[in-house]
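Reader: Hi, can we go through this structure together? I'd like to start with one residue and work outwards.

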Amino acid sequence: MYKSQGKYREAEELYEKSLRISERVLGEEHPDTAASYNNLAGVYKSQGKYREAEELYEKSLRIRERVLGEEHPDTAIGYNNLAGVYESQGKYKMAIPYFFKAYIILLDRLGIDHPHTQAAYDNLKYTFGLNNPEGNFEQWIAEHASSD
């Protein structure tokens, strides 16, 4: 709630406390610990602390890849979040492959109508447009989705 209210210091303190508890009780290689890293990264991203956010999103993603596997929907959300911090920094060429990977996994696991799949698609389309203002997104995604 603090994050949505723009009370980032308060949100950061609570997310750090949650992270310390998760690390101590569950261990670093647990999906809930990965979620704690992810949540704290979100606060950093909201504050424009992109380097810190990027580091925590990467850490969260690596845990999810190891523990849940690369094709798990939670791992896909990790790809999407890391792509989002790249997009926020104007690193579109870095963001697009992660948005695409998230979209393909979510499409396969959750289906086209799921809100997470739709969000990943929208993120990919938006970032593609920023990187390729004259590009044809529908053609690009059809070509890339068929080769995946």
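Reader: Leaving aside neighbours within four places in sequence, which residues is Leu-124 in contact with?
Author: This is a predicted model. In it, Leu-124 is in contact with Ile-96, Phe-99, Phe-100, Phe-137, Trp-140 and Ile-141.

Reader: Which residues touch the most other members of the largest nonpolar core?
Author: Leu-124, Phe-137, Trp-140 and Ile-141 do. The core has 33 residues.

Reader: Which elements give two or more residues to this core?
Author: They are α2 (31–46), α3 (50–68), α4 (73–88), α5 (92–110), α6 (115–131) and α7 (137–147). The largest share comes from α5, with nine residues.

Reader: Why would nonpolar side chains be buried together?
Author: That is a general tendency of soluble globular proteins.

Reader: Zooming out, how many helices and strands are there in the protein?
Author: Seven helices and zero strands. The pattern along the sequence is α-α-α-α-α-α-α.

Reader: Why call it as compact as a globular protein of that length?
Author: The radius of gyration is 16 Å, and the globule rule gives 15 Å for 148 residues. Those values are close, so the protein is as compact as a globular protein of that length. The C-alpha trace spans about 45 × 30 × 25 Å along its principal axes.

Reader: What percentage of the residues is buried?
Author: Buried residues make up 37% of the 148. The protein exposes about 8,200 Å², and carbon and sulfur atoms supply 48% of that.

Reader: New topic: charges. How many are positive and how many negative?
Author: There are 18 positive and 24 negative charges. Their mean positions are 7 Å apart.

Note on methods: Residues are numbered from 1 along each chain as its sequence is written. This is a predicted model: local features need pLDDT of at least 70, side-chain atom pairs count only at pLDDT 80 or more; totals for chains, interfaces and linings use all residues. Side-chain values use heavy atoms; hydrogens and water are left out. Helices (H or I, at least four residues) and strands (E, at least two) are DSSP runs, numbered from the N terminus. The radius of gyration is taken over C-alpha atoms; the globule rule is 2.2 Å times the number of residues to the power 0.38. Buried means under 20% relative accessible area, exposed over 50%, partly exposed in between (1.4 Å probe, protein chains only). Accessible areas come from the Shrake-Rupley method with a 1.4 Å probe; for residues, only the protein chains shown count as cover. Lys and Arg count as positive and Asp and Glu as negative; His and the chain ends are not counted. The place of a charge is taken as NZ of Lys, CZ of Arg, CG of Asp or CD of Glu. A nonpolar core is a set of buried Ala, Val, Leu, Ile, Met, Phe, Trp, Tyr and Cys residues joined through side-chain atoms within 4.5 Å. Contact means heavy atoms within 4.5 Å.
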